[in-house]
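Subject: Structure handover

Hello,

Here is the structure for your set. My notes follow below it.

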Amino acid sequence: MRRIEKLYLQQFRNEGIFYEHVTNRILDDVAAVVNPKRMRLTAAFSARGGITTTVTAEFNSESTK
């Protein structure tokens, strides 16, 4: 992973927000930069204590028009 991506993802480390919100923010930020027709982002989180969560968010530019 390049340094820019690493720093971007680390900014969420100490924020008190839900996994779903983090996933949606990352999807919105990436979609704003690359301007895709469709995009699916799957984020896998492993918190302390062995609890894992996988969140999937989708972007479709045709449904936003």
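Start with the loop between H2 and S1, where Asn35 lies. Keep in mind that this is a predicted model. Phi of Asn35 is positive, near 55°, and the residue is not a glycine. Asn35 has a relative accessible area of 65%, so it counts as exposed.

Just before that loop in my notes comes a surface feature. Val30, Val33 and Val34 form a nonpolar patch there. Together the three valines have about 270 Å² of accessible area. Val30 belongs to helix H2. Its relative accessible area is 35%, which makes Val30 partly exposed.

Now the interior. Which residues make up the largest nonpolar core? There are 6 in all: Phe12, Val22, Ile26, Ala43, Phe45 and Val55. Two elements give two or more residues to this core. They are helix H2, residues 19–34, and strand S1, residues 38–46.

Phe12 deserves a look of its own. Its relative accessibility is 8%, so Phe12 counts as buried. Setting aside residues up to four places away in sequence, Phe12 touches Ile17, Val22, Arg25 and Ile26. Val22 and Ile26 are also members of the core.

Thr23 is another residue of helix H2. Is Thr23 buried or exposed? Its relative accessibility is 0%, and therefore Thr23 counts as buried. Beyond its neighbours within four places in sequence, Thr23 is in contact with five residues: Leu41, Ala43, Phe45, Val55 and Ala57. Ala43, Phe45 and Val55 are part of the core listed above.

Next, the aromatic rings. A pair of aromatic rings is described by the distance of the centres and the angle of the planes. A search of the whole structure gives 2 such pairs.

- Tyr8 and Phe12 are edge-to-face, with 5.4 Å from centre to centre and 85° between the planes. Tyr8 is partly exposed, at 26% relative accessibility, whereas Phe12 is buried at 8%.
- Tyr19 and Phe45 have ring centres 4.2 Å apart and planes at 10°. Planes under 30 degrees apart count as stacked, so this pair is stacked. The pair links distant parts of the chain, with Tyr19 in helix H2 and Phe45 in strand S1, 26 residues apart. Tyr19 is partly exposed, at 30% relative accessibility. Phe45 is buried, with a relative accessible area of 17%.

Then the charges. How many salt bridges does the structure hold? There are 3.

- Glu5 pairs with Arg2, and their closest N and O atoms are 3.2 Å apart. Glu5 is partly exposed at 31% relative accessibility. Arg2 is exposed at 60%.
- Arg25 pairs with Glu15, with the closest N and O atoms 3.2 Å apart. This one links distant parts of the chain: Arg25 sits in helix H2, and Glu15 in the loop between helix H1 (3–10) and H2, 10 residues apart. Arg25 is partly exposed at 29% relative accessibility, and Glu15 is partly exposed at 31%. Arg25 is also one of the residues that Phe12 touches.
- Arg40 pairs with Glu58, with the closest N and O atoms 3.0 Å apart. Arg40 lies in strand S1 and Glu58 in strand S2, residues 52–60, so the bridge ties together parts that are 18 residues apart in sequence. Arg40 and Glu58 are both exposed.

Last, Asn60. Asn60 is found in strand S2. Its relative accessible area is 29%, so Asn60 counts as partly exposed. How far apart in space are Asn60 and Arg40, C-alpha to C-alpha? The distance is 8.8 Å, while the two residues are 20 apart in sequence. Not counting neighbours within four places in sequence, Asn60 is in contact with Lys37 and Arg38.

For a quick tour in the viewer, I would take these stops:

1. The core residue Phe12, with its edge-to-face partner Tyr8.
2. The stacked rings of Tyr19 and Phe45.
3. The salt bridge between Arg40 and Glu58.
4. Asn35, with its positive phi.

Best wishes

Notes
Residues are numbered from 1 along each chain as its sequence is written. This is a predicted model: local features need pLDDT of at least 70, side-chain atom pairs count only at pLDDT 80 or more; totals for chains, interfaces and linings use all residues. Side-chain values use heavy atoms; hydrogens and water are left out. A nonpolar core is a set of buried Ala, Val, Leu, Ile, Met, Phe, Trp, Tyr and Cys residues joined through side-chain atoms within 4.5 Å. Buried means under 20% relative accessible area, exposed over 50%, partly exposed in between (1.4 Å probe, protein chains only). Helices (H or I, at least four residues) and strands (E, at least two) are DSSP runs, numbered from the N terminus. Contact means heavy atoms within 4.5 Å. Patches are made of residues with over 30% relative accessible area and no salt bridge: like charges are joined within 9 Å, nonpolar side chains (Val, Leu, Ile, Met, Phe, Trp, Tyr) within 5 Å. Accessible areas come from the Shrake-Rupley method with a 1.4 Å probe; for residues, only the protein chains shown count as cover. A salt bridge is a side-chain nitrogen of Lys or Arg within 4 Å of a carboxyl oxygen of Asp or Glu. Rings of Phe, Tyr and Trp (its six-membered ring) pair if their centres lie within 6.5 Å; planes under 30 degrees apart count as stacked, over 60 as edge-to-face and the rest as tilted.
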